[in-house]
Amino acid sequence: MLAFQEHFLCAGLRSGLTAGLDFSHQSMGQHLQEALGLPALRGDDNLEGTPEDKGASETEEGQQEEEEEEEATPIPSSSPSPSPSPTPEDAITYILGRLAGLDTGLHQLHVRLHVLDTRVVELTKGLRQLREAVGDTRDAVQVLQEAQSRAEREHGRLEGCLKGLRLGHKCFLLSRDFEAQAAAQARCVARGGSLAQPADRQQMEALARYLRTALAPYNWPVWLGVHDRRAEGLYLFENGQRVTFFAWHRAPDPEPGREPSAASHPLSPNQPNGGALENCVAQASDDGSWWDHDCERRLYYVCEFPF
């Protein structure tokens with residue numbers, strides 16, 4: 001009898017412990033389901049479930065954990081975060097840095113300006129030296145030109161007296177180049193003389209003999225240094241002196257018993273006859289008579305040189 005009671009007591013304790021454990025298991029499962037947001041299990045479902053149920057449960061739990069982590073992770077905002085406001089010290093530091101940069105740039109500009117000033121001074125000095133050299137060269141060229149002119153005049157004078165006619169303190173030399181009266185005068189001056197200016201009848205007759213001998217048997221008009229360009233009828237030599245005697249051509253008197261003819265000379269009757277159109281005088285080489293001609297006419301000329 002005593003053994004039966006002990007056995008009944010042990011069986012009751014075992015049943016109570018099993019029921020308590022089952023209740024505590026259910027209670028813990030419900031709390032876990034509520035915490036994880038899982039659906040409630042039916043009464044006849046096994047809490048532990050099959051291995052497939054356990055894998056699916058674990059997968060769902062992992063997905064939920066990932067979703068919770070994503071929700072918990074803050075999403076960075078696309079808008080920039082506001083920068084902190086600069087302090088007065090930062091503004092002063094920035095201004096000082098900018099001033100330092102400007103001062104460096106200004107110093108570099110001063111250095112370059114100094115280099116340019118130095119270069120300008122050197123160039124100015126070189127330009128001044130070049131100008132001095134050009135001036136010296138110009139003076140030297142002028143001296144050489146004057147020496148050449150003197151040499152040409154001396155050569156012309158010697159040539160005129162050696163090749164031409166020497167008469168007292170003058171020499172006459174014929175040139176067979178055709179020139180206008182002004183150009184002929186310039187050529188004679190360049191050779192140290194001027195166009196012939198016979199001062200009296202003796203010189204005029206000697207010049208006529210020289211020209212007749214040089215140009216025979218032809219008759220060529222030859223420029224003299226006589227003209228009336230300043231005033232019609234006022235004849236002057238090239239040196240400005242007034243002509244005091246003339247040797248104008250005159251038509252020959254008709255033979256006795258014959259009528260005078262205006263065409264007694266092949267060129268013209270009495271000279272001068274050109275008026276204001278013919279202001280320069282040429283001497284005929286055949287008889288030494290004077291003729292007035294257009295000053296632009298190109299003729300031979302005779303130069304006069306001092307001896």
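This report walks through the fold, one helix, two loop residues, the salt bridges and a surface patch of a predicted model.

## Overall layout

Let's start with the big picture. The protein holds five helices and eight strands. Read from the N terminus, these elements follow the order α-α-α-β-β-α-β-α-β-β-β-β-β.

Of the 307 residues in the protein, 23% are buried. The accessible surface comes to about 22,400 Å², and carbon and sulfur atoms account for 58% of that area. If you like to think in contact maps, take the contacts between residues at least 6 apart in sequence: 69% of these join residues at least 24 apart.

## Helix α5 and what covers it

Helix α5 spans residues 201-215, which makes 15 residues. From its first C-alpha to its last, α5 reaches 21 Å, close to the 21 Å expected at 1.5 Å a residue. At the start of the helix, D200 places a side-chain oxygen within 3.3 Å of the backbone nitrogen of Q202.

Which residues of α5 are buried? They are Q203, M204, A206, L207, A208, Y210, L211 and L215. Several strands help to cover these buried residues. The cover includes β1 (165-167), β2 (170-179) and β4 (221-231), and it also includes β6 (280-284), β7 (290-293) and β8 (299-306).

## S289, between β6 and β7

Now for a closer look at a single loop position. S289 sits in the loop between β6 and β7. Is S289 buried or exposed? S289 counts as buried because its relative accessibility is 7%, and the cut-off for buried is under 20%.

The side chain of S289 has two polar partners to look at. One polar contact, at 2.9 Å, goes to the side chain of D287. Another, at 3.0 Å, joins the side chains of S289 and W291. Once neighbours within four places in sequence are set aside, S289 is in contact with A247, H249, A282, Q283 and A284.

## N279, between β5 and β6

N279 is a second loop residue worth a visit. Its place is in the loop between β5 (234-237) and β6. With a relative accessibility of 16%, N279 also falls under the 20% cut-off, so N279 counts as buried.

Where does the side chain of N279 reach? It comes to 3.1 Å from the backbone oxygen of A276. Not counting residues up to four places away in sequence, N279 touches H227, D228, R229, E232, H293 and C295. The C-alpha atoms of N279 and R230 are separated by 9.1 Å, while the two residues are 49 residues apart along the chain.

## Salt bridges

How many salt bridges does a search of the whole structure find? The search finds eight. Two of the pairs lie within helix α3. R119 and E122 meet through their side chains at 3.4 Å, N to O. Both residues lie in helix α3, three residues apart, about one turn of the helix. R119 is partly exposed at 48% relative accessible area, and E122 is partly exposed at 45%.

The side chains of E154 and R157 form a salt bridge at 2.5 Å, N to O. Because E154 and R157 are three residues apart in helix α3, about one helical turn separates them. An α-helix has 3.6 residues a turn, so residues three or four places apart point the same way. E154 is partly exposed, with a relative accessible area of 36%.

R229, met above among the residues that N279 touches, pairs with E238 in a salt bridge of 3.7 Å, N to O. R229 is partly exposed at 40% relative accessible area, and E238 is partly exposed at 23%. There is also a network of salt bridges, which links E159, K163 and R191.

## A nonpolar patch on the surface

Last stop: the surface. I92, Y94, I95, L96, L99 and L102 form a nonpolar patch there. Together these residues have about 660 Å² of accessible area. One of them, I92, lies in helix α3, which covers residues 88-163. That is the helix that also holds R119 and E122.

Key. Residues are numbered from 1 along each chain as its sequence is written. This is a predicted model: local features need pLDDT of at least 70, side-chain atom pairs count only at pLDDT 80 or more; totals for chains, interfaces and linings use all residues. Side-chain values use heavy atoms; hydrogens and water are left out. Helices (H or I, at least four residues) and strands (E, at least two) are DSSP runs, numbered from the N terminus. The expected span of a helix is 1.5 Å times one less than its number of residues. Buried means under 20% relative accessible area, exposed over 50%, partly exposed in between (1.4 Å probe, protein chains only). Contact means heavy atoms within 4.5 Å. A polar contact is a pair of N or O atoms within 3.5 Å; within protein, one must be able to donate a hydrogen and the other to accept it, and residues adjacent in sequence count only if both atoms are side-chain atoms. Patches are made of residues with over 30% relative accessible area and no salt bridge: like charges are joined within 9 Å, nonpolar side chains (Val, Leu, Ile, Met, Phe, Trp, Tyr) within 5 Å. Accessible areas come from the Shrake-Rupley method with a 1.4 Å probe; for residues, only the protein chains shown count as cover. A salt bridge is a side-chain nitrogen of Lys or Arg within 4 Å of a carboxyl oxygen of Asp or Glu.
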